[in-house]
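Here are a few exercises to work through with the model open beside you. Try each task before reading its solution.

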Amino acid sequence: MNLASATLTEANGLGWVLVVAAVLVSGLLLAGPTLRRRYPVTWWLLLGFPSVAFRVVQTWRPLMAGCGLAVSRRPALTVVSGLVGKGSPPPQPRVPRRGLMHPTSGGFVLLVRLLPGQVPENFVKAASAMAENWQVHAVRVTSWKPGVVRIVASAADPLAAPRLPKQRGPGQLLRVTVGALETGAAWVLDLRRVPHWLIVGATRSGKSTLINALVAGLAPQPVALVGIDCKGGMELSLYEPRLSALATNREQAVRLLAALVDLTLDRMNVCRAARVRNIWGLPDKERPVPVVVIVDEIAELFLVASRNEKDEAHAAGTALIRLAQLGAALGVFLVVAGQRVGSDLGPGVTALRAQLGGRVCHRVADPGTAEMALGDLNPDALKAAQAITPEQAGTAVLASGDGWERARSHLITEAEAEAVAAEYAHLAPVLSELHVEAL
Ligand SMILES: Nc1ncnc2c1ncn2[C@@H]1O[C@H](COP(=O)(O)OP(=O)(O)OP(=O)(O)O)[C@@H](O)[C@H]1O
Ligand SMILES: [Mg+2]
């Protein structure tokens, strides 16, 4: 009797749990679309991640086998057992061991141990199959430590609407958060680490917007900004109050670049006298102010129509190359933007390109430009650059010594740009030697 009533209560309890669970699940499913729109992270953690995790577990073995990542156990015996094993199934191939899946705010991370004979590149090749099978936006594979690869999946394109970080104060000198990386981390341009940058992209691909974000971040810092904008100053004149010098045609640009080379040589003498290798070795009080030189549309400097222009273009090219060679140690940094950076612009362009270590490639009109910007990197990087659509303006592929990443700059409107320049105009260092009108 007692036993029967206990079983009944237990069944009742179980029933209630099932009902509550069913109500919760159906509530979540009904509210799903709204939840996803309003609170994408909560939606992902409650609904998206569990269903993707289920798919990963279910498809792991066939996926590994399909991508050639499964290894047969004792291959010689497999045949024998198939022939003489009296109907016993042949041994299943071994698949790489998977660690726990850790959800992130927009995807998940998973570590996988390699089997004997496997290398991380085998998994890199399988990344797009993983993304298809798990129905996620993208999967990136990197080696984690010897014998282990790290699989990072993003559920949706994190660059569709990157979140603006809250920047407080001027931040670290010469370091600016200009956008978001595909991983969800901040995209930081650090001129102390990589002093010179090349930004390429077709028209309206987001070059000037990236420069806007960079200048807006540098404006509150104790840094001199110098602009060269031979499209008549249409882009950089927004920032004129915060600029220490601005050249708006080629003639001015040549004079300004010559003055910058002189300034760099003066700094070199100061460093030599103080027996230090760069300006960062000088005492704080004696250290000259860092100068960031921004060139918007390099082609305007190099393309020539007449003989006279040819001399000017040559002079500008030579000065830029010298600045790039000497500048990093002496506090002169270059940020050069252009639609094309091919050798058709002139012989100096290739040499200049080689000096600009940081590369940002927006949407490009032809594969050649992407190749020139990204170098002979992984062909996947070139494919990613060519896959950027006009709707994704501001999206770019970044290349550095240690690989490539997708990123998107923050949209800084012209009005915002002007407001920032006006707000920090009082911080613009006076560098009288750079005043092109007076030169
Ligand atoms: N990060 C971004 N997010 C959203 N929209 C963007 C972003 N970057 C650029 N855009 C859009 O693309 C437009 C063109 O961008 P931008 O002026 O920076 O292009 P550009 O490469 O400098 O072009 P051009 O070579 O013609 O000067 C912007 O007005 C803006 O609407
Ligand atoms: Mg532009």
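The exercises below go from ligand 1 to a helix and then to the domains.

This is a predicted model, in which local features need pLDDT of at least 70, side-chain atom pairs count only at pLDDT 80 or more, and totals for chains, interfaces and linings use all residues. Residues are numbered from 1 along each chain as its sequence is written, while chains are lettered from A and ligands numbered from 1 in the order in which they are written.

**Exercise 1.** Find which residues come nearest to ligand 1.

*Solution.* Start with the shell of 14 residues (C-beta atom, placed from the backbone, within 6 Å). Gly206, Ser208, Thr209, Ala393 and Gly394 come nearest. Next, sort the shell by class: two residues are nonpolar, nine polar and three charged, with Gly counted as polar. Finally, look at the elements: α6 (207-218) and β15 (403-409) each supply at least two residues, and α6 gives the most, with three.

**Exercise 2.** Check the span of α6 and decide whether α6 is mostly covered or open.

*Solution.* Take 1.5 Å times one less than the number of residues. For the 12 residues of α6 this gives 16 Å, which agrees with the 17 Å between its end C-alpha atoms. Then count neighbours: 12 of its 12 residues are buried (20 or more other C-beta atoms within 10 Å of their own). Among them are Lys207, Asn212 and Leu218.

**Exercise 3.** Locate the domains and the annotated transmembrane region.

*Solution.* The domain assignment gives domain 1 (14-72 + 93-154) and domain 2 (175-438). Their centres, taken over C-alpha atoms, are 40 Å apart. An unreviewed UniProt entry lists residues 13-31 as "transmembrane region"; this span is 100% helix, with its end C-alpha atoms 27 Å apart.

Methods: Helices (H or I, at least four residues) and strands (E, at least two) are DSSP runs, numbered from the N terminus. UniProt positions are given in the numbering used here, feature names are shortened, and annotations may be inferred rather than shown by experiment. Domain bounds come from an automatic or database domain assignment.
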